[in-house]
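Let's take a walk through this one together, starting from the overall layout and ending at a few individual residues. Keep the viewer open as you read.

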Amino acid sequence: MLGGDNHEPNSAVCQVIQNNKDWVGEMQAKNPEYFVDLAKGQSPKLLWIGCSDSRMAVDVLTQTNPGDIFIHRNIANRIPSEDLNVLSVIEYAVKHLKVEHVIVAGHTACGGVKAALSNDSVGILDHWLRPIKELYVANEDEINAMPEHERVDRLGELNVIQGVRTVSKLPVVHEAWKEGRELRIHGWMLQLHSGLLKDLDVSVAGPKQVESIFKLTSGAH
Ligand SMILES: [Zn+2]
């Protein structure tokens with residue numbers, strides 16, 4: 001049972017709780033008002049939509065602090081345009097927090113993308129990953145022409161690019177642009193072998209980069 005300090009000594013959970021206490025102590029030693037200030041509110045400039053993979057430790061790999069990045073993560077950083085969870089996160093970040101950047105971030109050797117490229121069943125994930133299979137089918141010639149070890153990462157990149165396009169078509173994003181706000185959507189890949197983030201150069205900075213059918217002329221969505 002979890003709760004209080006009753007964790008099994010030396011367990012991973014016990015270690016995490018202890019790490020937290022150590023961190024709180026360090027932060028308070030540096031600035032006694034740190035948590036008082038942090039509790040007042042947040043105004044992050046970035047929304048990060050990434051994979052749940054444990055290696056995508058956003059705060060660590062970007063050297064950012066609590067309050068800097070609003071985060072949504074799921075397996076294979078999917079952005080289904082009918083998914084209430086991701087849509088709620090995007091709407092809150094764009095409309096209320098007024099973030100200036102949305103980053104769709106995949107990573108190399110993504111287990112979700114790898115599973116989508118395979119014929120093995122992975123339970124309920126078969127449904128979640130199906131659109132990545134569709135993406136493969138749509139780009140089959142390009143992917144099949146690549147050496148096998150590059151295919152997962154290329155499909156992962158295409159998945160990120162599709163995510164950027166999906167976000168750039170959302171009504172809440174177009175409303176922000178209509179208000180004249182700065183809002184850019186970026187596609188990045190975390191290269192696990194080097195730790196570096198690769199910019200896929202697919203950023204969208206305004207409605208001119210989106211097919212006109214998605215532009216809004218009036219009213220709220
Ligand atoms: Zn992943």
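**From the whole fold down to single residues**

The protein splits into domain 1 (1-40) and domain 2 (42-214). Keep in mind that you're looking at a predicted model. The C-alpha centres of domain 1 and domain 2 sit 31 Å apart. If you want a feel for the overall extent, the C-alpha trace spans about 55 × 45 × 30 Å along its principal axes.

In terms of secondary structure, there are 9 helices and 5 strands. Reading from the N terminus, the elements go α-α-β-α-β-α-β-α-α-α-α-α-β-β. Of the 221 residues, 25% count as buried. As for the contacts between residues at least 6 apart in sequence, 67% of them join residues at least 24 apart.

Now for the sheet. The 5 strands make an open sheet with mixed pairing, in the order 2-1-3-4-5. Strand 2 and strand 5 are the edge strands, each with a single partner, so one side of each has no neighbour in the sheet. From one strand to the next, the twist averages 25°. In general, strands of a sheet pair through backbone hydrogen bonds, in either a parallel or an antiparallel way.

You can see both senses of pairing around strand 4. On one hand, strand 3 and strand 4 run parallel and are joined by 7 bridges, with Gly106 having Met189 in strand 4 as its bridge partner. Helix 8 (residues 148-168) packs on the sheet, where it touches strand 1, strand 3 and strand 4, and its direction makes about 165° with that of strand 4. On the other hand, strand 4 (residues 184-191) pairs with strand 5 (residues 196-199) in the antiparallel sense, over 4 bridges. Here Leu190 stands opposite Leu197 in strand 5. Strand 4 and strand 5 form a hairpin with 4 residues between them, and Gly195 in the turn has a positive phi of about 85°.

Just past the hairpin, look at the segment after strand 5, where you'll find Leu200. Leu200 is partly exposed, because 17 other C-beta atoms lie within 10 Å. Leu200 and Met189 are 11 residues apart in sequence, but their C-alpha atoms are 7.2 Å apart in space. Leaving out residues up to four places away in sequence, Leu200 touches Glu157, Val160, Ile161, Gly187, Trp188 and Met189.

Asp201 also belongs to the segment after strand 5. Asp201 has 8 C-beta neighbours inside 10 Å, so it counts as exposed. Its backbone deserves a look too: Asp201 has a positive phi of about 55° although it isn't a glycine. As a rule, most residues other than glycine have a negative phi.

Ala76 is another non-glycine residue with a positive phi, about 65° in this case. You'll find Ala76 in the loop between strand 2 (69-74) and helix 4. Is Ala76 buried or exposed? With 27 C-beta neighbours inside 10 Å, Ala76 counts as buried.

Ala76 also leads us to the annotated site, since Ala76 is in contact with Cys51. An unreviewed UniProt entry places the feature "binding site" at Cys51, Asp53, His107 and Cys110. These positions are spread over 60 residues of sequence, yet they cluster in space, the largest C-alpha distance being 8.7 Å.

Take Cys51, which is found in strand 1 (residues 46-51). Cys51 is buried, because 24 other C-beta atoms lie within 10 Å. Beyond four places in sequence, its contacts include Met56, Arg73, His107, Cys110 and Gly112. Cys110 itself lies in the loop between strand 3 (101-107) and helix 5 (111-116). Cys110 counts as buried too, with 27 C-beta neighbours inside 10 Å. Apart from neighbours within four places in sequence, Cys110 is in contact with Cys51, Asp53, Ala76, Val152 and Gly156.

Finally, a pair of helices. Two packed helices are described by the angle and the distance between their axes. For helix 4 (residues 84-96) and helix 9 (residues 171-178), the axes come within 9 Å and cross at roughly 10°. So helix 4 is roughly parallel to helix 9. Ile90, Glu91, Val94 and Lys95 of helix 4 make the contact with Val172, Val173 and Ala176 of helix 9.

Terms used
Residues are numbered from 1 along each chain as its sequence is written. This is a predicted model: local features need pLDDT of at least 70, side-chain atom pairs count only at pLDDT 80 or more; totals for chains, interfaces and linings use all residues. Domain bounds come from an automatic or database domain assignment. Two strands pair if DSSP finds at least two bridges between them. Helices (H or I, at least four residues) and strands (E, at least two) are DSSP runs, numbered from the N terminus. UniProt positions are given in the numbering used here, feature names are shortened, and annotations may be inferred rather than shown by experiment. A residue is buried if 20 or more other C-beta atoms lie within 10 Å of its own, exposed if 12 or fewer, and partly exposed in between; C-beta atoms are placed from the backbone. Two residues are in contact if their C-beta atoms, placed from the backbone, lie within 7 Å. Axes are lines fitted to C-alpha atoms, for helices over the stretch in contact, and angles run from 0 to 180 degrees between N-to-C directions. Angles under 35 degrees count as roughly parallel, over 145 as roughly antiparallel, 65 to 115 as roughly perpendicular and the rest as oblique.
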